[in-house]
Each structure stands twice: as C-alpha cells, then as structure tokens.
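Here's a quick briefing to read alongside the model. Have the sequence and the 3D view open as you go.

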Amino acid sequence: MNAIDQIFQLLEARGHGSYFGEPVSQLEHALQCAHFATEEHAGSELVVAALLHDVGHLLHEQGENVADDGVDTAHEDLGQAWLSRYFGENVTRPIALHVAAKRYLCATDKSYSAQLSPSSLQSLQLQGGPMSAAEIADFEADKIAQDAVRLRRWDDLAKVEGKNVPPLSHYRGVLESVVKAPLRAATGEAL
Ligand code: FE
C-alpha cells in the first residue's frame with residue numbers, strides 16, 4: 001500500500017465519528033477545511049495541511065468527549081509525528097502550530113474568541129488559554145506562523161452541516177505532489 005492509500009485508509013476507516021459535538025464528521029471537517037484552503041488559493045502543502053490537520057484525533061482512542069474529562073490529547077503533536085514520515089515541515093508544522101494559532105488569535109483578535117464554538121472554548125482552557133505577550137512574540141517570529149493562522153481560520157469555519165465539497169479522492173493528486181519523494185506512487189515503492 002502506498003503512502004496516500006495509507007492516509008486515505010485512516011480517514012475513511014476512522015473519519016466518520018462526530019467532530020466534537022459539531023454537526024459534521026471528522027472526515028467532513030477535513031474536507032471542508034481543505035476546500036476553504038483551496039478557495040483561498042493556498043499552496044499545495046498548505047491545502048494538504050488543511051486536509052490532514054486533525055489526523056491526530058484519529059490516532060488516539062480517547063473518544064470525542066475527552067475534553068469533558070479535562071484531558072488534552074495534544075492531537076497536533078500526534079498528527080505532526082505521524083505525518084512527518086510522509087511530508088516535510090511545510091505540511092507538518094502548520095499542523096503542529098494550529099492549536100498555538102488558536103491561542104494566538106484569542107489573545108490578539110477580540111472578535112475571534114467570540115465566534116469560537118463551545119467545545120473549542122472548552123479545549124482552549126486545556127490547551128493553555130490565550131497566549132501571553134512573550135508567547136505572542138515567539139509565535140510571530142516563526143516563519144510558519146502565518147500559515148498556521150490561515151489554517152486555523154479555515155479549521156474554525158469547517159463545521160457546516162451538509163456542505164457540498166469535493167470528496168477525498170479529489171485530493172489524491174495534490175497529496176502525491178507533496179509527499180516525500182521516495183514515497184511517491186510513481187516510484188512504485190510501497191511502505
Ligand atoms: Fe480541526
């Protein structure tokens with residue numbers, strides 16, 4: 001099985017659970033997020049990051065109500081670790097930073113926290129709450145920070161019940177274009 005098939009298998013096998021009390025599944029959330037990235041002319045790596053930003057939620061067994069129990073699954077770190085075998089930093093680091101981007105936006109954009117869903121506000125507290133001034137300065141110095149903020153805004157929008165967006169298969173080409181060269185299907189190399 002090649003790299004893209006492995007990723008698709010994970011999303012298809014485990015992506016049908018609800019997205020934290022929102023009216024979409026994990027897979028619908030991923031597809032909407034990638035669609036918003038595409039609509040805003042994000043580059044291929046950022047579109048892939050949008051599609052896969054919550055893959056970490058599919059890699060743990062803790063259930064969708066885990067935040068009710070005061071547990072932060074650190075899904076952004078799980079996702080980065082798993083995806084780093086397939087993709088470089090331009091894909092994995094916006095994913096790793098998408099929770100930091102939420103903490104950043106909560107500290108710097110008054111209108112941002114007002115539109116967060118109840119479950120997103122709940123997890124914010126577990127994730128450390130809004131950034132401090134020192135954390136803001138560190139975050140802004142990171143060259144990936146702006147990509148992470150863009151990803152975060154698509155993430156927050158990608159909760160629309162019944163939205164008609166392209167299916168997972170639509171993204172095979174873009175995934176193959178950014179997967180690490182030795183893993184490309186064209187080489188015939190299986191994992
Ligand atoms: Fe998300």
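**Helix α3 and the rest of the fold**

In α3, the buried residues are L46, V47, V48, A49, A50, L51 and L52; buried means under 20% relative accessible area, exposed over 50%, and partly exposed in between, using a 1.4 Å probe and protein chains only. This is a predicted model, where local features need pLDDT of at least 70 and side-chain atom pairs count only at pLDDT 80 or more, while totals for chains, interfaces and linings use all residues. Residues are numbered from 1 along each chain as its sequence is written, and side-chain values use heavy atoms, with hydrogens and water left out.

**More on α3**

- Seven of the nine residues in α3 are buried, so the helix is mostly covered.
- The buried residues of α3 pack against α1 (3-14), α2 (26-39), α4, α5 (89-96), α10 and α11 (172-178), with contact meaning heavy atoms within 4.5 Å.

**Overall build**

- The protein has eleven helices and zero strands; helices (H or I, at least four residues) and strands (E, at least two) are DSSP runs, numbered from the N terminus.
- The radius of gyration is 16 Å, close to the 16 Å from the globule rule for 191 residues, so the protein is as compact as a globular protein of that length. That radius is taken over C-alpha atoms, and the rule is 2.2 Å times the number of residues to the power 0.38.
- Along the principal axes, the C-alpha atoms fill a box of roughly 50 × 35 × 30 Å.
- Buried residues make up 50% of the 191 residues.
- Of the contacts with a separation of 6 or more, 73% come from residues 24 or more positions apart.

**The iron site**

- Which protein atoms are donors to the iron ion? They are Y19 (OH), H29 (NE2), H53 (NE2), D54 (OD) and D155 (OD), lying 2.0 to 2.4 Å from the ion.
- Donors here are N, O and S atoms within 2.8 Å of the metal (3.2 Å for Na, K and Ca); water is not among the atoms, so sites may look incomplete.
- Along the chain, the iron donors follow the spacing Y-x9-H-x23-H-D-x100-D.
- D54 sits in the loop between α3 (44-52) and α4 (75-83), and D155 in helix α10 (residues 145-157), so the pair ties together parts that are 101 residues apart in sequence.
- Both D54 and D155 are buried.

**Where α6 meets α10**

- Helix α6 (residues 98-108) packs on α10 at an angle of about 85 degrees, with the axes 8 Å apart. Axes are lines fitted to C-alpha atoms, for helices over the stretch in contact, and angles run from 0 to 180 degrees between N-to-C directions.
- That makes α6 roughly perpendicular to α10; angles under 35 degrees count as roughly parallel, over 145 as roughly antiparallel, 65 to 115 as roughly perpendicular and the rest as oblique.
- On the α6 side, the contact is made by H98, V99, A101, K102, Y104 and L105. On the α10 side, A148, V149, L151, R152, R153 and D155 make it.
- By class, this contact of α6 with α10 has seven nonpolar, one polar and four charged residues. Ala, Val, Leu, Ile, Met, Phe, Trp, Tyr, Cys and Pro count as nonpolar, Asp, Glu, Lys and Arg as charged, and the others, Gly among them, as polar.
- Y104 in α6 counts as buried, at 10% relative accessibility. Not counting residues up to four places away in sequence, Y104 touches M131, I136, F139, E140 and V149.
- D156, found in helix α10, counts as buried at 12% relative accessibility. Leaving aside neighbours within four places in sequence, D156 is in contact with Y112, Q115 and L116.

**Residues with more exposure**

- H41 is in the loop between α2 and α3, and at 71% relative accessibility H41 counts as exposed.
- The phi of H41 is near 60 degrees, a positive value in a residue other than glycine. For background, most residues other than glycine have a negative phi.
- V160 lies in the loop between α10 and α11 and counts as partly exposed, at 37% relative accessibility.
- V160 touches V24 and Q32, not counting residues up to four places away in sequence. V160 and Q32 are 128 residues apart in sequence and 8.0 Å apart in space, C-alpha to C-alpha.
- D5, in helix α1, counts as partly exposed at 28% relative accessibility. The C-alpha atoms of D5 and R184 are separated by 11 Å, with their positions 179 residues apart along the chain.
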